[in-house]
Amino acid sequence: FVDNVTFLVKGSPGAWADLLWPHRWALYTEEAYINNARVWDYNLNLEQGGYFTVGTLCHEFFHSLGSPDLYHYWDTSAPVAVGGWDVMDASSEIPQSMSAYMKYRYTEWINELPIIEYGGTYELYPLSNPENNIYRINSPIRETEYFVLEYRVQEGLYEVNTPGDKNGLIIYRINDEYSGQGNGNGPPDEIYVYRTGATLNSGGIFAGAVFSEEVDRIEFNDNTDPNCFLHDGMLGGINVSNVGMPEETIHFDVVNMMLFPEFSNLSFDTDEDYVVNPGEEILLDVSVSNLSNFDADEVVLTISSLVEGIEILNNPILFGNINNGDVGFGTALVGIDNDVFGDVVFDVEVASLYEENNAQLTYIDNFQLILNVSLNQFGFPVSTLNEIRSAPLVVDLDLDGEKEIIFGDHFGFINAVNSKGVNVLTDIFPFDTGGQIWGAPALGDIDLDGYEEVVFVSSSKNIYVFDYTGLKWSYETESLLISTPSLANINNDEYIEIIFSGYSNNNTNYFALSHDGVNINEINLTEKSRSGFAVGDFNNNQFDDVVFGTDENKIYLIYDNVQVAEGFPFETNNKFQLAPVMLNQPHKNTILAACKNKTLYSIEDDGSIDFIVEFDDYISTSPSILYNNDQILIFIGNNNGDIYGIDLEGNIVFEFNIGSKVIGSITFSDLNADEIPEIISVNDIGDLHVINLNGEYYPHFPIHYDFPYSSTCSIDDLDLDLDLEVLCGTTNSLIAIDIKENGGNANYWNMYSGNPQRTNYYKVDYNCNYGDIDLNEYINVFDIILLVECILLDSCSICSDVNIDGSIDIIDVIDLVNMILEF
């Protein structure tokens with residue numbers, strides 16, 4: 001036979017695996033001869049298409065020598081197995097060499113594959129050297145898979161084209177069940193190169209396949225990155241360590257003893273919530289697994305950490321003897337300072353004696369273990385694997401003395417979990433609404449039966465009402481429902497009504513239902529309303545009125561008699577897609593509404609503008625109200641992460657940036673009972689911020705989470721332990737942060753829409769004795785003097801408005817004088 005014939009064809013290649021595609025094949029059905037020798041193996045290469053390269057010629061010719069492909073033919077979604085470490089997977093115009101295993105398995109260029117059976121120090125020459133250039137280490141876990149080691153040096157014309165720019169040890173896995181087949185039909189693959197970041201499902205970095213002291217990658221075992229996983233993810237159980245500098249040769253150690261430490265359990269923490277918190281002493285259970293075939297004698301574990309504020313109080317920890325295949329247990333006593341937070345890295349040294357090949361040997365290895373110090377509530381985060389836009393509702397729905405968290409998710413399920421993150425009310429929830437849930441649930445005893453109802457709307461066009469017994473009723477509309485429902489008293493019966501909006505074209509988009517699900521709406525409004533309502537008694541007749549914005553650039557005020565208020569709809573030049581707020585002050589009512597034209601409007605009850613505040617970026621949150629020290633502040637957040645506090649004159653008096661788009665709405669609480677409010681906000685890059693009005697962070701905040709936040713945070717004493725929890729939805733879970741100080745929510749806007757009825761209504765009670773300017777509980781001539789001074793200096797407090805008309809002026813002085821004279 002002719003050894004090989006290469007055809008070089010002018011033109012472009014066809015489709016993959018076509019005749020006109022670079023390939024090696026044999027003339028099975030044709031007979032051709034050169035000098036009486038039959039042509040059998042041949043290569044075909046094309047002039048165009050980027051395939052007429054030395055790399056392609058070498059790849060195809062190596063096929064003729066018997067080598068299979070190492071790239072995947074069909075499963076292109078699986079991680080690449082070998083990449084640029086072998087010409088049979090990926091090569092450039094000038095190719096790198098094939099690996100040592102391929103030279104051994106498919107040619108006679110390497111004749112022997114020596115097996116390392118005993119622990120010790122070993123040496124390898126570069127792959128280009130004809131001798132001592134390959135080793136095999138068998139996996140103690142599986143007979144059909146083993147590991148091959150070679151030394152790759154970027155030298156000469158070809159080897160400089162391997163990934164990265166470093167020399168060092170390369171380790172790959174061989175699966176004998178696929179010997180001779182290559183990787184074409186894989187995975188599973190015949191050959192797989194280990195590299196940093198690689199797993200069964202992720203490709204990692206091929207430049208990170210190099211092991212050497214120079215790159216500070218000197219170990220390869222079940223606990224390293226990469227670890228020595230087998231084709232199905234099972235750990236391979238070998239231990240290569242002390243990989244040296246990449247010089248004329250490279251040295252490495254093989255240790256057949258493998259002791260693997262883990263933090264296995266938290267058996268005690270100071271507050272006994274089984275979450276490691278700042279400022280605690282903990283008992284941390286530590287296990288050591290003997291993964292080798294030898295018994296380990298006199299096992300000693302020493303723990304340390306470079307993190308300031310971490311103290312190990314019982315080093316070293318003695319485990320005695322651990323037989324092969326067994327696990328030993330011990331306990332570490334760890335002190336954690338108040339300032340310690342986040343992932344704490346512990347350096348763990350494990351030492352023992354063992355016997356191998358009739359020699360007494362010493363084993364020492366070093367590991368890094370991670371312990372997370374957090375403020376997470378036990379059992380949280382609760383994974384949902386999908387987005388939670390629905391602000392969580394905290395309620396004791398079944399009146400059993402324990403609170404539940406009820407929330408909807410993007411898959412359309414209504415969920416209920418307890419203070420430990422465990423599903424509860426399981427005969428009711430999870431409940432599939434058949435459509436995405438964007439709005440928050442509303443809560444109230446709408447039928448006055450002594451039990452509260454939870455109200456959800458869904459993009460399935462349905463509204464659902466539950467109590468502790470289950471679904472009470474549902475109502476189907478013809479409109480997409482994505483807003484938050486509100487509970488209101490809009491008529492003269494004793495029950496509570498449900499108000500909600502739709503978001504569909506050419507349909508009724510305003511709905512009012514009775515407590516038992518009867519449509520009582522008398523308004524035919526087709527304008528789309530996205531986010532919900534403000535509900536409250538705007539005209540002081542003991543019945544609730546309704547305010548909402550639309551995509552048609554309007555704000556409506558509709559009285560309980562279903563009449564649109566005079567001066568409304570208020571109209572501007574862009575959409576209102578965030579829920580408005582009603583602010584009830586002693587002297588006037590106003591509507592606060594954020595518009596897509598980057599403007600916050602304060603609108604009076606006649607439709608006139610009270611004030612406007614214009615911003616440089618889009619407003620991303622509904623307004624929230626903070627009452628502090630007899631001052632009302634209106635808070636909004638923007639797409640660029642800015643948070644603003646605005647007084648009732650439209651002046652910006654607070655500004656802070658949280659780094660990215662503010663999500664949901666801003667909430668408030670007194671987390672540590674110091675009578676100073678905290679401002680709670682989240683953004684779309686996973687940061688939870690808690691600050692005060694001076695812009696100072698609460699201890700341990702901001703807290704970062706791996707997934708973006710997607711809902712407003714609710715603040716509540718979830719587990720009834722007198723401290724508060726902060727509950728927020730993310731794109732894949734429900735977060736609960738346990739504040740380890742007693743706090744309170746009294747009079748704070750501590751949830752979406754300000755209350756569980758989702759009314760977006762705030763009534764101001766200034767607690768004033770109007771006229772008592774010096775707050776000494778007496779009204780006298782000194783108050784007149786102080787009132788005149790504050791008017792002249794423009795520094796009056798709200799309690800200086802003696803006649804409660806919204807203005808502080810000479811009329812208030814006259815009224816105060818008359819008040820004193822009459823007294």
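These notebook entries record what I looked up in a predicted model.

**Entry 1. The sheet at the start of the chain**

I began with the strands near the N terminus. I found an open sheet of three strands, in the order β1-β5-β2, and its pairing is mixed. The edge strands are β1 (5-9) and β2 (23-26), each of which pairs on one side only. From one strand to the next, the twist averages 25°.

I then followed one pairing in detail. Strand β5 (residues 41-46) runs parallel to β1, and the two are joined over five bridges. Within this pairing I noted that V5 stands opposite Y42 in β5.

Which helix packs on this sheet? I recorded helix α1 (residues 54-64), which touches β1, β2 and β5. The direction of α1 makes about 160° with that of β5.

**Entry 2. E145 and its surroundings**

I next looked up E145, which lies in strand β8 (residues 145-152). Is E145 buried or exposed? Its relative accessibility is 1%, so I entered E145 as buried, the cut-off being under 20%.

I searched for polar partners of the E145 side chain. The side chain of R142 makes a polar contact of 2.8 Å with that of E145. The side chain of H231 makes another polar contact with E145, at 2.6 Å.

I also listed the residues touching E145, leaving out those up to four places away in sequence. They are S139, R173, I174, N175, L230 and H231. H231 therefore appears in my notes both as a residue that touches E145 and as a polar partner of the E145 side chain.

**Entry 3. Disulfides**

How many disulfides does the model contain? I counted two disulfides. A disulfide is a covalent bond between the sulfur atoms of two cysteines.

One of them is formed by C713 and C728, with the sulfur atoms 2.1 Å apart. The torsion about this S-S bond is about 105°, so I noted the disulfide as right-handed. C713 lies in the loop between β48 (703-704) and β49 (714-716), whereas C728 lies in strand β50 (residues 723-729). The pair therefore ties together parts that are 15 residues apart in sequence. I recorded both C713 and C728 as buried.

The other disulfide joins C790 to C796, with an S to S distance of 2.0 Å. Its torsion about the S-S bond is about 90°, so this disulfide is right-handed too. I checked the accessibility of each cysteine in the pair. C790 has a relative accessible area of 8% and is buried, while C796, at 25%, is partly exposed.

I looked up the accessibility of two further cysteines, C58 and C228. C58 has a relative accessible area of 34%, so I entered C58 as partly exposed. C228 is at 0% relative accessibility, so I entered C228 as buried.

**Entry 4. Cis peptide bonds**

Most residues other than glycine have a negative phi, and most peptide bonds are trans. I therefore noted the exceptions that I came across, beginning with the peptide bonds.

Which residues does a cis peptide bond with omega of about 0° join? I found this bond between D225 and P226. P226 lies in the loop between β10 (191-193) and β11 (240-241).

I found another cis peptide bond from F568 to P569, where omega is near 5°. P569 is placed in the loop between β35 (554-558) and β36 (570-571).

**Entry 5. Positive phi in the loop between β33 and β34**

I ended with backbone torsions. N540 is not a glycine, yet its phi is positive, at about 55°. I located N540 in the loop between β33 (533-536) and β34 (545-549). Its relative accessibility is 56%, so N540 counts as exposed, for which the cut-off is over 50%.

Q542 also lies in the loop between β33 and β34. Its phi is near 75°, a positive value in a residue other than glycine. Is Q542 buried or exposed? With a relative accessible area of 67%, Q542 is exposed.

Notes
Residues numbered from 1 in each chain as written. Predicted model: local features only at pLDDT ≥ 70, side-chain atom pairs only at ≥ 80, totals over all residues. Heavy atoms only, no water. Helix = DSSP H or I, 4+ residues; strand = E, 2+ residues; numbered from the N terminus. Buried < 20%, exposed > 50% of the residue type's maximum accessible area, 1.4 Å probe, protein only. Polar contact = N/O pair within 3.5 Å; in protein donor to acceptor, adjacent residues only side chain to side chain. Contact = heavy atoms within 4.5 Å. Disulfide = S-S within 2.5 Å. Pairing = 2+ DSSP bridges. Axes fitted to C-alpha atoms, helices over the stretch in contact; angles between N-to-C directions.
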